[in-house]
Structures are given as C-alpha cells and as structure tokens.
Amino acid sequence: AGNLLQTRLGTRQEVLDRSELTDFDLNLLMAQFDERFEGDLLIDGGSFELQPTISPDGTKIAYLSNEGSDFVITTIWIQDLLTGERRNTRQRAVTALSWTSDGRSVVYGRRVGAFYDLFTYDIETKKAKRASANLRIRDPAVSPDGKTVAFLRNEDGGTNIGLMNLDGTEVRYLTNNNDGTLYYSPNWSPD
C-alpha cells in the first residue's frame, strides 16, 4: 500500500511508504520527464552551457561553456552537428552569440576592462577581431543580410538598442532611454 505522488508532469507515480525518496524513485520520475523530449543529447558533463545558436546552414552550434574552467569563466565552443566534433575557441565571452550570415564568424560580447565590447571570431582563421571600443555594448544580433549588428548598450542603469555595421562603423541608436529601461537580446525579423 504505497502513496501516489503527483508530479509537475501531471503523472501519478506510486511510491512506497518511507520518509524520503530513493534514487530508484527519482529515476522513475525522471524517466517520465525524459520521455517528453525529443532529440539528441549534445553535451553530458559537469559544466553549464549557455546562449546556444545554430549556424545559418544548420551544420554547427556555437555556445558558451565553463567546461574545464572556473564556474564564472565561459568561453565560446563550436560543435559540428554532423561529426559531433567540439572545439573550445578559448575566446572568453559572457553575452549572447550571433553567427554572421555566411556562417564563417561568430559575433559576441565580452568585458574588456570596465566595459563590454563586441568581437568577431573567424572560425577558419581562429582569430578574433574587436569591433567596438569602450561602447559598453553586448548581446549582438547580426542582420539576415549580414551587414548590420543590433546590440544593447549599458548606461545609466538601463539599456538602449543600437545598430552598427559588422565592422564596427556607423554606430547609431534606436532608443534613447535614461529611465532604467532594460531591453534583452535583440532579434531581427526574417524579412
């Protein structure tokens, strides 16, 4: 005569009378949880992965990971989805990532001194190029045509949305808030 356990998944599972759940009980519950998802597990380790983004041709994924590092130190990793090969670029980053439209580079934000700035990492040459200097900008989103980058600028306790050319020229702002307004992760519409 066990008790029925109602889970957040809406299932009911019989659990024997005891003061705490065992590993067996948890495995039963997690098996039902895992059945609700489709796809392949790409990474299974003791690290955390953030900000995944798929290349325009769908063959690669770029993401931030702290694998092999201190908890707060994240670097950009690129995984080939066809071969499964993973590579740590050793480029430290802390904000969203965005592929260029040709899939040859990843644009990202990282702190340099007191400010965030944008960088472009070429996956073929394995070299990074700084695209901004002391602009306090992060969370890039490359336009579908690959010419423009949308970004967020941190200032006065809030953020504003800006645009610049991929090479860092012609910086302009779409918003001009100084009231603590916060924006997160700009995105382009497909058209």
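## A sheet of four strands

In strand β13, A150 has L163 as its bridge partner. That is one spot in a longer pairing: β12 and β13 (residues 158-165) are joined by eight bridges, and the two strands run antiparallel. Keep in mind as you look around that this is a predicted model.

Now zoom out a little. Four strands make up an open sheet, in the order β11-β12-β13-β14, with antiparallel pairing. Which strands sit at the edges? They are β11 (137-142) and β14, and each of them pairs on one side only. As a bit of background, strands in a sheet pair through backbone hydrogen bonds, and they can do that either parallel or antiparallel.

## How confident is the model?

The average pLDDT for the protein is 84, and 80% of the residues score at least 70. Residues 1-9 are another story: there the pLDDT is below 50, although this stretch has 24 contacts in the model beyond near neighbours in sequence.

## Two nonpolar cores

How many residues make up the largest nonpolar core? Twelve in all, including A62, L64, W99, Y108 and F119. Several elements chip in with two or more residues, namely β4 (60-65), β5 (75-80), β7 (97-99), β8 and β9.

There is also a second, separate core, this one of eight residues, and among them are A131, I137, V149 and F151. Back in the largest core, pick out A62. Not counting residues up to four places away in sequence, A62 touches Q51, P52, T53, W77, I78, L97, W99 and V106.

## Rings that pair up

Look for aromatic pairs and you'll find two in the structure. In one of them, the ring centres of Y108 and F119 are 5.8 Å apart; their planes are at 20°, so this pair counts as stacked. Y108 belongs to strand β8 (residues 105-112) and F119 to strand β9 (residues 115-122), so the pair ties together parts that are eleven residues apart in sequence. Are these two residues buried or exposed? Both Y108 and F119 are buried.

F151 and Y173 form an aromatic pair too, but an edge-to-face one, with 5.9 Å from centre to centre and 85° between the planes. This pair links distant parts of the chain, 22 residues apart: F151 is in strand β12 (residues 148-155) and Y173 in strand β14 (residues 172-173). The partners don't have matching surroundings. F151 has a relative accessible area of 0%, so it is buried, whereas Y173, at 34% relative accessibility, counts as partly exposed.

## Arginines and their surroundings

Two arginines have their charged ends over rings. For R110, the charged end sits over the ring of F119, 4.5 Å from the ring's centre. For R111, the ring belongs to Y116, and the charged end sits over it at 4.6 Å from the centre.

R92 is worth a visit as well. You'll find R92 in strand β6 (residues 86-92), and at 48% relative accessibility this residue counts as partly exposed. Which residues is R92 in contact with, leaving aside neighbours within four places in sequence? They are I73, T74, T75, Y108 and R110. Finally, try finding W77 from R92: the two are 15 residues apart in sequence, and their C-alpha atoms are 9.9 Å apart in space.

Key
Residues numbered from 1 in each chain as written. Predicted model: local features only at pLDDT ≥ 70, side-chain atom pairs only at ≥ 80, totals over all residues. Heavy atoms only, no water. Phe/Tyr/Trp six-rings, centres within 6.5 Å; stacked < 30°, edge-to-face > 60°. Buried < 20%, exposed > 50% of the residue type's maximum accessible area, 1.4 Å probe, protein only. Lys NZ or Arg CZ within 6 Å of the ring centre and 35° of its normal. Contact = heavy atoms within 4.5 Å. pLDDT = per-residue confidence, 0-100. Core = buried A, V, L, I, M, F, W, Y, C linked by side-chain atoms within 4.5 Å. Pairing = 2+ DSSP bridges.
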